[in-house]
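Let's practise reading a binding site together. Keep the sequence and the 3D view open, and try each task before you read its solution.

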Amino acid sequence: MSAEQDRAALRALLDRSRLTEPPYERQGYLDVLGEDDHQPSTLAQLAMRSGVVASIYQHGWRQGLNVAMGVGGLSAEQERRYALRCLELSGADRVLDVACGPGNFSHVFAEALTGDGLVVGLDNSRQMLARAVTDNLVPRLAYLRADARAMPFPDGSFDAVCCYAALYLAPEPFTILVEMLRVLAPGGRIALMTSYRGSWQPQRFARGLAGHASGIRMFERDDLTGILRASGLTDIHQEIRGIAQFVNARKPGQRG
Ligand SMILES: C[S@@+](CC[C@H](N)C(=O)[O-])C[C@H]1O[C@@H](n2cnc3c(N)ncnc32)[C@H](O)[C@@H]1O
């Protein structure tokens, strides 16, 4: 499939009634936010709008982040393979990579698909998406500039939804999580990676302080799993590694 065909397949997935702007072709990706570019309010969000950070993100910044978060021993490649396993992708699945950054996970998911399979890499940063198109555009992958808090897809559009290293940056992470669950199809898999505040009081205090200074939200152990459980998801699995938590689960129902 050509990149044009993949973008056409992405267009076909969009729910026009949820769009405020018509989809616009911009430098190899679709944009439904137009000129809307909310101003970052924290250091961490500002970094995601920097062309310099976007250019070093995949080869340097992301691995540094894992070291800083104490994810310990998990290389970037191993982390991508871990996400791939959690999502249980097969053949012609539709996959959504929420807050995909420069597409460092999206392309691995697309390479696991066959036939009419499609990965949508969604992000709201033009700088990250420009990098994604340059570095990580492979068949069965299309990028979309959209806001993860209000995703332009009908309910149940995706067989698998992933969101790594982003919920802690977003001002409304729980709105994003609820949106991810809405667009996930019955029987589909969700995989998340975000921060963890810890349980030991001095550690919680230090992480809270560091998070506050950088604009990174520190999640409690049950913040994500609690929402998944309350939403009826099954097979909920959580792994804590340093300041990070990896969570995956399945939406009840039969896969179509
Ligand atoms: C650190 S990158 C994560 C990239 C990749 N998922 C990874 O694990 O390395 C976080 C991304 O979240 C995006 N982001 C934050 N808030 C968002 C929102 N509301 N909608 C879409 N993208 C958002 C940022 O633009 C940034 O590219």
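Below are four exercises on the ligand and the pockets of this predicted model.

**Exercise 1. Find which residues come nearest to the ligand.**

Solution. Step one: select the residues around the ligand, which number 19. Step two: pick out those that come nearest, namely Tyr57, Arg62, Asn104, Asp123 and Tyr164. Step three: sort the shell by class, which gives 12 nonpolar, four polar and three charged residues.

**Exercise 2. Look for N or O atoms of the protein that pair with the ligand, and decide whether each belongs to a side chain or to the backbone.**

Solution. A polar contact here needs a pair of N or O atoms within 3.5 Å. Start with asparagine 104: an N or O atom of its side chain is 2.9 Å from an oxygen atom of the ligand. Next, go to aspartate 147, where a polar side-chain atom lies 3.0 Å from a ligand nitrogen. Finish with tyrosine 164: here a backbone N or O atom is the partner, 2.9 Å from a nitrogen atom of the ligand. Now step back to the ligand as a whole: on its own it has 600 Å² of accessible area, and the protein covers 96% of that.

**Exercise 3. Work out which pocket the ligand takes up, and describe its lining.**

Solution. The ligand occupies the largest pocket. The volume of this pocket is about 880 Å³. Its lining counts 48 residues, and Met48, Ala165, Ala166, Tyr168 and Leu169 are the closest to the centre. Then trace the elements that give two or more residues to this lining: among them are helix 3 (51–68), strand 4 (118–123), strand 6 (158–164) and helix 8 (201–214). Last, sort the lining by class: 33 nonpolar, eight polar and seven charged residues.

**Exercise 4. Now describe the second largest pocket by volume, lining and residue class.**

Solution. First, the volume: about 170 Å³. Second, the lining, which includes Arg18, Glu21, Asp36 and Asp147. Aspartate 147 may look familiar, as a polar atom of its side chain lies 3.0 Å from a ligand nitrogen. Third, the classes: five nonpolar, one polar and four charged residues line this second largest pocket.

How values were computed. Residues are numbered from 1 along each chain as its sequence is written. This is a predicted model: local features need pLDDT of at least 70, side-chain atom pairs count only at pLDDT 80 or more; totals for chains, interfaces and linings use all residues. Side-chain values use heavy atoms; hydrogens and water are left out. A residue is near a molecule or strand if one of its heavy atoms lies within 4 Å of it. A polar contact is a pair of N or O atoms within 3.5 Å; within protein, one must be able to donate a hydrogen and the other to accept it, and residues adjacent in sequence count only if both atoms are side-chain atoms. Accessible areas come from the Shrake-Rupley method with a 1.4 Å probe; for residues, only the protein chains shown count as cover. On a 1 Å grid over the protein atoms alone, a cavity is a set of points where a 1.4 Å probe fits but cannot get out, and a pocket is an open set with protein on both sides within 12 Å along at least five of seven lines; lining residues have an atom within 4 Å of a point. A molecule sits in a cavity or pocket if more than half of its atoms lie within 2 Å of its grid points. Ala, Val, Leu, Ile, Met, Phe, Trp, Tyr, Cys and Pro count as nonpolar, Asp, Glu, Lys and Arg as charged, and the others, Gly among them, as polar. Grid points are joined across faces, edges and corners, and a volume is the space filled by probe spheres set on the points. Helices (H or I, at least four residues) and strands (E, at least two) are DSSP runs, numbered from the N terminus.
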